[in-house]
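Colleague: I've got the sequence and the model open side by side, and I'd like to walk through the pockets, the rings and the odd backbone spots. Could you show me the thing before I start asking?

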Amino acid sequence: MEQTNTAIDTNVLSYEGFRQQVLNDFKITVISREASLLGRKEVLTGKAKFGIFGDGKELAQVAMARYFQPGDFRSGYYRDQTFMFATGLATVDQFFSQLYADPNIENDPFSAGRQMVSHFATPNVDENGNWLDLANRKNISSDIAPTAGQMPRSLGLAFASKCFRNTPVLQQFKHLSNNGNEICFCTIGDASTSEGPFWETINAAGVLQVPLAVFVWDDGYGISVPREYQTTKGSISEALQGMQKDEHTNGINIYKVKAWDYAGMCEVFEAALQKVRETHTPALFHVEEVTQPQGHSTSGSHERYKSAERLAWEREWDCIKKFREWIVLSGLATDDELNAIAQEAKILVKEARNNAWEKFIQPIKVQVQKTAELLNEMVVNDMDVYRTIQQKVSELQKNIEPLRRDVLHTLHVAMEMAPHSPSYNDIQQYYNSLLHENNQLYNSHLYNEGTASALKVETVKPLIPFDAPVLNGYEILNRYFDILFANNPKVLAFGEDVGNIGDVNQGFAGLQAKHGNTRIFDTGIRELTIMGQAIGLALRGLRPIAEIQYIDYLLYGLQTLSDDAATTHYRTFGRQSCPVIVRTRGHRLEGIWHSGSPMGLVIHALRGFHVCVPRNMVQAVGMYNTLLKGNDPGIVIECLNGYRLKEKLPANLLEFTVPLGVPEIIRPGDDITLVSYGSTLRIVEEAAERLAKLNVSCEVLDVQTLLPFDINHDILKSLKKTNRILFIDEDVPGGAAAYMFNKVMEEQGGYRWVDVAPRTLTAQAHRPAYGSDGDYFSKPNAEDVVRMVLTMMQE
């Protein structure tokens with residue numbers, strides 16, 4: 001293990017230049033501490049909802065920020081405010097705007113008030129979805145709060161540098177990388193290293209040898225739980241000793257530093273990070289003896305669980321106190337000079353707080369004034385009602401910290417109480433305008449809304465010549481991926497068994513040899529970090545296709561897809577895109593863990609994704625093409641039992657697209673509408689053929705995508721014709737079939753057009769049993785469909 005030294009080489013700078021750099025670092029630490037102290041007060045006085053701050057970590061972060069270069073990425077957690085101030089990527093005004101949840105993107109450019117304080121981000125795309133010059137700017141991937149949730153993405157951000165350096169066709173993209181010289185700086189609290197994502201990421205980084213620098217802030221506790229209950233040997237650096245790289249192995253380099261030792265940290269960080277940058281060997285910096293002056297968060301006091309001795313130690317070894325002592329002892333400044341800097345910092349922070357509050361509250365005050373004017377002029381015949389409304393207006397005006405919801409509440413109460421007032425329409429018009437405004441502030445940007453939207457991709461039909469060759473489904477995919485990789489250098493594909501053998505179903509057979517093992521490659525059995533690799537690559541402007549071998553194993557990677565990839569565009573107000581494509585397969589094979597159809601789980605956990613459920617491989621190709629033309633994440637769930645079904649090969653494999661959210665009628669009919677997708681459609685088609693012999697005409701619709709779902713209400717059009725509808729799928733009861741039922745019957749108003757009660761036909765509540773009979777009795781079969789349709793026809 002490499003230890004710190006406690007000297008810094010001042011010969012590399014002029015004395016005055018070095019002195020000014022140190023004093024500037026001191027100023028930033030004091031500014032950040034004051035922001036934490038004042039931020040806590042704002043929460044406790046009710047002006048902000050919740051606060052979690054970086055006090056105690058200031059010195060380590062200014063030291064770390066010295067070596068953060070253009071092109072680098074930070075993937076951190078919610079205590080890195082000092083780093084952001086030190087790099088110039090955040091101002092104190094913006095810090096307080098986020099604390100107040102200001103929804104104006106100009107005031108909080110990181111999340112437009114959608115995230116808690118200290119959840120930072122920088123744009124990776126412009127307003128049209130074009131990738132920015134990431135190689136020449138300092139980059140922050142959008143922070144998330146789930147503990148260790150930033151780790152999988154960190155692997156991908158670092159792995160992208162390896163791809164840019166080692167893949168010749170990627171070296172043309174100078175705006176995305178400078179020959180892979182970028183580091184991903186990852187920060188994490190010591191207690192969070194107990195989480196599985198940390199261990200999986202560190203192991204994968206050691207195997208892959210990527211430029212990942214992990215900084216572990218060790219303050220001795222995980223909220224109230226001491227580290228001896230968290231980590232083997234009570235030390236993450238000791239616990240990781242077996243992963244220490246040596247001359248003949250892969251692995252990681254491990255360093256220990258003290259959070260109060262400015263000179264020691266600078267010396268270690270400089271040399272170690274240069275090694276990471278040059279050699280792509282990952283590093284872990286265990287930053288020990290961190291203090292936490294205000295405890296974990298504003299939700300409680302650390303005096304409840306820390307001893308008097310511990311609290312006294314923290315006061316004595318506070319990093320700013322020690323930094324100050326070192327500066328004076330080194331003769332770099334006097335106490336008076338440092339006092340002046342500290343006083344100036346306090347004034348600056350208070351001014352920033354006041355500016356941020358004024359920018360936050362002023363638009364609301366305008367709404368309060370307009371509301372008061374409208375309601376004061378409201379004509380109401382009932383004096384009791386009038387007085388009650390005026391009392392509500394008075395309460396609104398006296399509220400010194402009103403929120404947007406208070407304005408809407410007051411307007412709505414007035415409309416409730418006086419629906420026949422001549423003033424009602426004016427009030428309702430203003431109310432609706434505020435609803436629209438707030439909808440844009442709080443409910444927009446789940447998906448791309450401009451030219452980068454996959455929903456705006458032009459539909460191109462597949463061209464299938466009369467003499468088109470008939471191939472197995474997997475051969476269709478193989479031909480497609482071959483052409484795709486030849487024409488789109490940004491595409492990479494990876495996963496378990498994807499590289500050498502070409503995936504277990506041969507979609508990539510022979511393609512690694514043709515296109516190279518830096519573009520099509522195998523991974524370990526580690527679904528979470530496979531998804532993390534994909535997220536990081538996508539954030540850096542590449543187009544990864546990451547494979548989950550079977551959809552049953554999507555659960556391993558679901559956390560980072562749900563918490564991170566699915567929310568990226570929303571939580572950055574559209575300033576970051578993450579166009580990852582997850583390729584997987586499911587439905588109907590054999591046994592509990594190879595036949596899953598957990599579509600309800602997928603569509604509810606992955607709002608922000610497009611969820612594609614193709615019934616065959618030609619259709620899957622069109623969906624891949626559509627997703628690759630947009631900037632939103634997507635998941636394509638291929639049919640396991642469709643790889644050896646025969647299909648005609650389109651002549652325009654790379655050009656044709658399948659529109660998302662548009663169902664396809666695959667069998668016209670007049671008596672009943674049958675709605676399904678994927679493998680189940682083959683069961684439904686068999687049943688429809690048998691029902692036709694019984695004089696029942698079934699209209700069969702393939703929804704094609706579950707997210708989005710039937711955006712033009714084509715299913716409703718069919719229902720208006722047939723007046724009967726049955727939703728069939730392989731998910732558990734209440735899963736995707738219930739979702740489709742809700743969409744058509746409630747949202748589209750389908751209940752108005754039914755002559756008999758609509759139905760859902762699903763799999764059983766348990767996992768599918770093993771064997772062909774297990775499949776038959778666990779999931780819908782053709783007899784189930786025929787029987788239920790006949791029952792509906794007889795009602």
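Colleague: Let's begin with the second largest pocket: which element gives the most to its lining?

Modeller: Keep in mind that this is a predicted model, where local features need pLDDT of at least 70, side-chain atom pairs count only at pLDDT 80 or more, and totals for chains, interfaces and linings use all residues. Residues are numbered from 1 along each chain as its sequence is written, and side-chain values use heavy atoms, with hydrogens and water left out. Elements are DSSP runs numbered from the N terminus, helices being H or I over at least four residues and strands E over at least two. The top contributor to this lining, with 3 residues, is β16.

Colleague: And how much space lies in the second largest pocket?

Modeller: A pocket here is an open set of points on a 1 Å grid over the protein atoms alone, with protein on both sides within 12 Å along at least five of seven lines; a lining residue has an atom within 4 Å of a point. Grid points are joined across faces, edges and corners, and the volume is the space filled by probe spheres set on the points. For this pocket that comes to about 480 Å³.

Colleague: Which residues lie nearest the centre of the second largest pocket?

Modeller: Two or more lining residues come from each of α21 (617-628), β16 (646-648), β17 (664-667) and α22. The lining holds 24 residues, and those nearest the centre are Arg 615, Asn 616, Val 618, Gln 619 and Glu 664.

Colleague: Between which domains does the second largest pocket lie?

Modeller: The domain bounds come from an automatic or database assignment. That assignment gives domain 1 (15-333), domain 2 (354-443), domain 3 (456-648) and domain 4 (664-794). Two of them both give residues to the lining, so the pocket lies between domain 3 and domain 4.

Colleague: Now the largest pocket: how many charged residues does its lining have?

Modeller: This one has a volume of about 560 Å³, and 21 residues line it, including Lys 49, Tyr 100 and Phe 360. In this count Ala, Val, Leu, Ile, Met, Phe, Trp, Tyr, Cys and Pro are nonpolar, Asp, Glu, Lys and Arg are charged, and the others, Gly among them, are polar. The lining has 12 nonpolar and 4 polar residues, and the charged ones number 5.

Colleague: Which domains does the largest pocket lie between?

Modeller: The largest share of its lining, 3 residues, comes from α11. Both neighbours give residues to the lining, so the pocket lies between domain 1 and domain 2.

Colleague: What is the volume of the largest cavity?

Modeller: A cavity is a set of grid points where a 1.4 Å probe fits but cannot get out. The structure holds 1 cavity of 30 Å³ or more, and its lining has 6 nonpolar, 5 polar and no charged residues. The volume of the largest cavity is about 50 Å³.

Colleague: How are the rings of Phe 215 and Trp 217 arranged?

Modeller: Rings of Phe, Tyr and Trp (its six-membered ring) pair if their centres lie within 6.5 Å; planes under 30 degrees apart count as stacked, over 60 as edge-to-face and the rest as tilted. That rule gives 36 aromatic pairs. Phe 215 and Trp 217 are 6.1 Å apart centre to centre, with 35° between the planes, so by the cut-offs the pair is tilted.

Colleague: Is Phe 215 buried or exposed?

Modeller: Buried means under 20% relative accessible area, exposed over 50%, and partly exposed in between (1.4 Å probe, protein chains only). Phe 215 has 0% relative accessibility, so the residue counts as buried.

Colleague: Which lysine sits over the ring of Tyr 430?

Modeller: A charge sits over a ring if NZ of Lys or CZ of Arg is within 6 Å of the ring centre and within 35 degrees of the ring normal. At 5.8 Å from the centre of the Tyr 430 ring, the charged end belongs to Lys 370.

Colleague: Last one: what is the phi of Asn 695, which is not a glycine?

Modeller: Most residues other than glycine have a negative phi. Asn 695 lies in the loop between α22 (680-692) and β19 (698-702), and is exposed with a relative accessible area of 71%. Its phi is positive, at about 65°.
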